[in-house]
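Visitor: I would like a close look at one part of this chain. Please pick a single strand and stay with it. Show me where it sits and what surrounds it.

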Amino acid sequence: MDLIALEEIRRLKARYLRCVDLKLWDEFADVFTEDAVAEYDTPVLGKTLRLEGRQAVVDYMRGNLGAGTITAHLVGSSEIDVDGDTATGTWALEDTVIVAQYRLLIRGAAYYRDEYRRCDDGKWRVSRTGHERTYEYTVSLDDVPSLKFTAGVPAPIDAT
């Protein structure tokens with residue numbers, strides 16, 4: 001068992017999530033191989049979102065999870081298998097997305113299924129990622145009149 005590779009892959013997944021939540025798009029781009037593919041189960045959109053290539057993934061995230069959207073992504077229970085310079089991983093996900101413009105809260109859980117590749121520079125990168133939802137729900141912020149966010153990006157949001 002390659003314990004160093006396991007830890008590098010765990011750190012890679014943590015960086016992926018941190019960069020999305022903090023909107024660090026240049027650092028986020030470096031998480032992926034050039035030919036990366038992402039497929040996200042998105043019931044709120046009514047379809048599976050498929051993105052091909054690093055730039056497509058970054059552009060989508062920047063455009064749809066940018067400054068007006070607050071996100072929190074937490075993963076755990078990783079199952080990682082390393083085979084030389086490739087690896088696969090499964091992760092349990094819980095996420096929260098707050099879209100201020102639409103006064104919408106989205107919560108859910110899913111399982112990520114990832115593929116990783118050790119690149120010529122020695123770094124592990126995501127070559128394929130995606131998740132399948134176990135559940136997802138939405139709530140209008142207008143339906144919760146006492147809800148008040150006291151911290152967040154870009155600014156606190158009142159439900160009123």
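Guide: What follows looks at strand β1 and one of its residues, V37.

A word on the source comes before the details. This is a predicted model.

Start with the setting. The chain holds three helices and six strands. Along the sequence they come in the order α-α-β-β-α-β-β-β-β. The radius of gyration is 17 Å, close to the 15 Å that the globule rule gives for 160 residues, so the chain is as compact as a globular protein of that length. Along the principal axes, the C-alpha atoms fill a box of roughly 55 × 30 × 30 Å. Of the 160 residues, 42% count as buried. Take the contacts with a separation of 6 or more: residues 24 or more positions apart account for 53% of them.

Now the strand itself. β1 covers residues 32-42. It pairs with β2 and also with β6, and the two pairings are described in turn.

Take β2 to begin with. This strand spans residues 47-52. β1 and β2 run antiparallel and are joined by six bridges. Within this pairing, A38 stands opposite L51 in β2. The two strands form a hairpin, with four residues between them. G46 lies in that turn and has a positive phi of about 80°.

Next comes β6, residues 124-140. Here the sense is parallel, and five bridges join β6 to β1. F32 stands opposite V126 in β6.

Now narrow the view to one residue. V37 has its place in strand β1. Is V37 buried or exposed? Its relative accessible area is 13%. The cut-off for buried is under 20%, so V37 counts as buried.

Which residues does V37 touch? Leave aside its neighbours within four places in sequence, and the contacts of V37 are R50, L51, S127, R128 and T129. Set these against the strand limits. R50 and L51 fall in β2, residues 47-52. S127, R128 and T129 fall in β6, residues 124-140. V37 is therefore in contact with residues of both strands that pair with β1 here, and it is buried at 13% relative accessible area.

One further distance belongs to this spot. V37 and G53 are 16 residues apart along the chain. Their C-alpha atoms are separated by 5.8 Å.

To put the part together: β1 has β2 as an antiparallel partner and β6 as a parallel one. V37, in β1, is buried and has contacts that include L51 and S127.

Terms used:
Residues numbered from 1 in each chain as written. Predicted model: local features only at pLDDT ≥ 70, side-chain atom pairs only at ≥ 80, totals over all residues. Heavy atoms only, no water. Rg over C-alpha atoms; globule rule 2.2 N^0.38 Å. Buried < 20%, exposed > 50% of the residue type's maximum accessible area, 1.4 Å probe, protein only. Contact = heavy atoms within 4.5 Å. Pairing = 2+ DSSP bridges.
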